[in-house]
Amino acid sequence: LQIIMNEVLVLPKRKQEELAELLQETSLSSIINAAKIVADRLKFLSGLETILFDQEKKKRLKERSQLHQILADNTWLFGEEYNLSVSDKSLTEVLRKHRQLLNDDIEIDHPVQHISKQRGIVDLMLSRALRRHRANELEHLVVELKAPRVVIGKDQVNQIEEYAFSVMDDERFKRNNVRWMFWVLSDDMNSFAEKRILEHEQQHGTIYRKGNCVIAIKTWSQLIEDNKARLQFFQEKLEHQVDNEVALSHLQEKYQKFLAGVITDEDPQQDVADAEA
């Protein structure tokens, strides 16, 4: 309470007037909530960056039981407008959710046939409504997560293409007012994957674009930088500095049950500096 009172009392008169004016338009609680969201996201990004790129921590990080669970709770990483539709479900469950979002009468009388397997499991499918022309326009983003130690290569590219083509080949998914994006996501890619990226799509990592389907290779460094860029303005206005140790503590405290064994007391302090480099 003393900290709060001191901060208010030392405000210049102009800032006191601005605060009073702002409180006529919104509540102090809402102002605090907005600032805390930005601060927490900055700490989350810093902590996530460390466990994804630190050589020891990334070896211990499991894709499905740890990274997957954390991301399902932070879909804002893929875009503020996205909501999680399905997580760790089959292509048939994706079709059911697709039908629900469209409020359609698609008949699901047989499973979606995967091109090369009996059953394809989707890590994350995120959906958003597009408000350009019609209220029922949708965009689905299907993300195939890889453990940070997995380098995206031929097998991973084939996998995401098989998911995409399995969906596109099913008549029940074919709607002109629905766009589909498929991403395979990891720390790095090899030369095979790099050569698959379309020449004019290097920035977006696109390897296939046809009709309403886009397939892309994404790296965590791209995704984290995109999010940092979106938050940079607010970070500067808040004059918020992210400390790596605080960021890791924040991540561990919030996701303790998912990060068991990833962040340990035995980790040398140099790890943080290596991650920053």
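Here are a few worked exercises on this predicted model.

**Exercise 1. Get the overall picture: how many helices and strands does the protein chain have, and what share of its residues is buried?**

Start with the secondary structure: the protein chain has 11 helices and eight strands. Next, look at burial, where 45% of the 277 residues come out as buried. Then check the contacts: of those between residues at least 6 apart in sequence, 73% join residues at least 24 apart. Finish with the surface, where the chain exposes about 16,000 Å² and carbon and sulfur atoms supply 48% of that.

**Exercise 2. Work out whether strand 3 is enclosed or open, going face by face.**

Step one is the count: nine of the nine residues of strand 3 (residues 137–145) are buried, so the strand is largely enclosed by the rest of the structure. Step two is a bit of background: in a regular strand, side chains alternate between the two faces of the sheet. Step three is to split the residues by side. One side carries Glu137, Glu139, Leu141, Val143 and Leu145, while Leu138, His140, Val142 and Glu144 sit on the other, and both faces are covered. Step four is the pairing: strand 3 runs parallel to strand 5 (residues 178–186), with eight bridges between them. For a concrete example, take glutamate 139, whose bridge partner in strand 5 is arginine 179.

**Exercise 3. Decide whether glutamate 63 is buried or exposed, and find what it touches.**

First place the residue: glutamate 63 belongs to helix 5 (residues 63–72). Now apply the cut-off. Its relative accessible area is 15%, and buried means under 20%, so glutamate 63 counts as buried. Last, list the neighbours, skipping residues up to four places away in sequence: His68, Asp123, Leu145, Lys146 and Ala147. Leu145 should ring a bell, as it's one of the buried residues of strand 3.

**Exercise 4. Do the same for leucine 223, then say how far leucine 185 is from it in sequence and in space.**

Leucine 223 lies in helix 9 (residues 220–238). With 8% relative accessibility, this leucine is buried. Leaving out neighbours within four places in sequence, its contacts are Leu77, Phe78, Trp183 and Leu185. As for that last partner, leucine 185 is 38 residues away in sequence, yet the C-alpha to C-alpha distance is 9.3 Å.

**Exercise 5. Find which residues make the nonpolar surface patch, and classify methionine 5.**

The patch, about 660 Å², is made by Leu1, Ile4, Met5, Val8, Leu9 and Val10. Zoom in on methionine 5, found in helix 1 (residues 2–9). Its relative accessible area is 43%, so methionine 5 is partly exposed.

Key. Residues numbered from 1 in each chain as written. Predicted model: local features only at pLDDT ≥ 70, side-chain atom pairs only at ≥ 80, totals over all residues. Heavy atoms only, no water. Helix = DSSP H or I, 4+ residues; strand = E, 2+ residues; numbered from the N terminus. Buried < 20%, exposed > 50% of the residue type's maximum accessible area, 1.4 Å probe, protein only. Contact = heavy atoms within 4.5 Å. Areas by Shrake-Rupley, 256 points an atom, 1.4 Å probe, with all protein chains shown as cover. Patch = residues over 30% accessible without salt bridge, like charges linked within 9 Å, V, L, I, M, F, W, Y side chains within 5 Å. Salt bridge = Lys/Arg side-chain N within 4 Å of Asp/Glu carboxyl O. Pairing = 2+ DSSP bridges.
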